[in-house]
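Open your viewer, load the model and keep the selection tool at hand. The tour below goes stop by stop, with a pick to make and something to look at each time.

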Amino acid sequence: MEEFILFCNTYLRYIVELCTIIMELFGVTILVYTAIKSFVGWVRKDNKVRLNLAQGIALALEFKLGGEVLRTVVVREWAELGILGAIILLRGVLTFLIHWEIKNEKKEFENSNS
């Protein structure tokens, strides 16, 4: 029975690590795609470039945050949990600030088009 539990524990750890890497890869991919798209929009003098960039950054941060939350499943030590907690808190605050910026950009964009 102990061997089965050890096997399940090891298997779960590998699954969580793989899923974490995939989620972080999604976040990085979204961020790079958004940066390139925003740069092209900036060169073309698109008025919505800041809004699009902020939305892309927010989405990328949410994927990265999801990866960090998933990583908490396999944490073994309190020090590691503290570091993960700080990262999650920091990314959560950044996401909140970016969503606030998106809201303000939308208002500004709507006011300039009115």
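## First stop: Leu81

Select Leu81, which is partly exposed because its relative accessible area is 33%. You are looking at a predicted model, so keep that in mind along the way. Leu81 belongs to helix 3. Now add Leu25 to the selection and draw a C-alpha to C-alpha distance: the two residues are 56 apart in sequence and 22 Å apart in space.

## Along helix 1

Next, select residues 2-43, which make up helix 1. How far apart are its end C-alpha atoms? They are 61 Å apart, in agreement with the 62 Å that 42 residues should span at 1.5 Å a residue.

Colour the buried residues of this helix: Val16, Thr20, Glu24, Gly27, Ile30, Thr34, Ser38 and Gly41. Show the other helices as well and you can see what these side chains face, as the buried residues of helix 1 pack against helix 2 and helix 3.

Then step just past the end of helix 1 and pick Lys45, where phi is positive, at about 60°.

## A nonpolar patch

Switch on a surface and select Val28, Val32, Ile36, Phe39, Val40, Trp42 and Val43. Together they form a nonpolar patch on the surface with about 690 Å² of accessible area. Val28, one of its members, sits in helix 1. With a relative accessible area of 41%, Val28 counts as partly exposed. Keep Val28 labelled, for it returns at a later stop as a contact of Lys64.

## Two cysteines

Select Cys8 and Cys19 and show their sulfur atoms. Why is there no bond between them? The sulfur of Cys8 is 16 Å from that of Cys19, its closest cysteine sulfur, and this is too far for a bond. Seen from the other end, Cys19 is in no disulfide either, with the sulfur of Cys8 as its nearest, 16 Å away. The disulfide count for the model is zero.

Are these two residues buried or exposed? Cys8 is partly exposed at 32% relative accessibility, and Cys19 is partly exposed at 32% too.

## Along helix 2

Move on to residues 49-71, helix 2. Its 23 residues should span 33 Å at 1.5 Å a residue, and the end C-alpha atoms are indeed 33 Å apart. Buried positions here include Val49, Leu51, Ala54, Leu61, Leu65 and Gly67. Lys64 and Glu68 also appear among the buried residues of this helix. Bring helix 1 and helix 3 (78-113) back into view, since the buried residues of helix 2 pack against them.

Now centre on Lys64. Its relative accessible area is 18%, so it counts as buried. Leaving aside residues up to four places away in sequence, Lys64 touches Glu24, Gly27, Val28 and Arg91.

## The salt-bridge network

Side chains of opposite charge can pair when their charged atoms come close. The model holds seven salt bridges, and the last stop brings several charged residues together. Select Glu24, Lys64, Glu68, Arg71 and Arg91, which are linked in a network of salt bridges.

- Start with Glu24 and Arg71: their closest N and O atoms are 3.4 Å apart, and they form a salt bridge. Glu24 lies in helix 1 and Arg71 in helix 2, so this pair ties together parts that are 47 residues apart in sequence. Glu24 is buried at 17% relative accessibility, while Arg71 is partly exposed at 29%.
- Stay on Arg71 and turn to Glu68. These two form a salt bridge as well, with closest N and O atoms 3.5 Å apart. Both lie in helix 2, three residues from each other, about one turn of the helix.
- From Glu68, go across to Arg91: the side chains meet in a salt bridge at 3.3 Å, N to O. Arg91 is in helix 3 and Glu68 in helix 2, so here the pair ties together parts 23 residues apart in sequence. Glu68 is buried with a relative accessible area of 4%, and Arg91 is buried at 18%.

To finish, leave the network in sticks and zoom back out to the three helices: its pairs join helix 1 to helix 2 through Glu24 and Arg71, and helix 2 to helix 3 through Glu68 and Arg91.

Methods: Residues numbered from 1 in each chain as written. Predicted model: local features only at pLDDT ≥ 70, side-chain atom pairs only at ≥ 80, totals over all residues. Heavy atoms only, no water. Helix = DSSP H or I, 4+ residues; strand = E, 2+ residues; numbered from the N terminus. Buried < 20%, exposed > 50% of the residue type's maximum accessible area, 1.4 Å probe, protein only. Contact = heavy atoms within 4.5 Å. Expected span 1.5 Å × (residues − 1). Patch = residues over 30% accessible without salt bridge, like charges linked within 9 Å, V, L, I, M, F, W, Y side chains within 5 Å. Areas by Shrake-Rupley, 256 points an atom, 1.4 Å probe, with all protein chains shown as cover. Salt bridge = Lys/Arg side-chain N within 4 Å of Asp/Glu carboxyl O. Disulfide = S-S within 2.5 Å.
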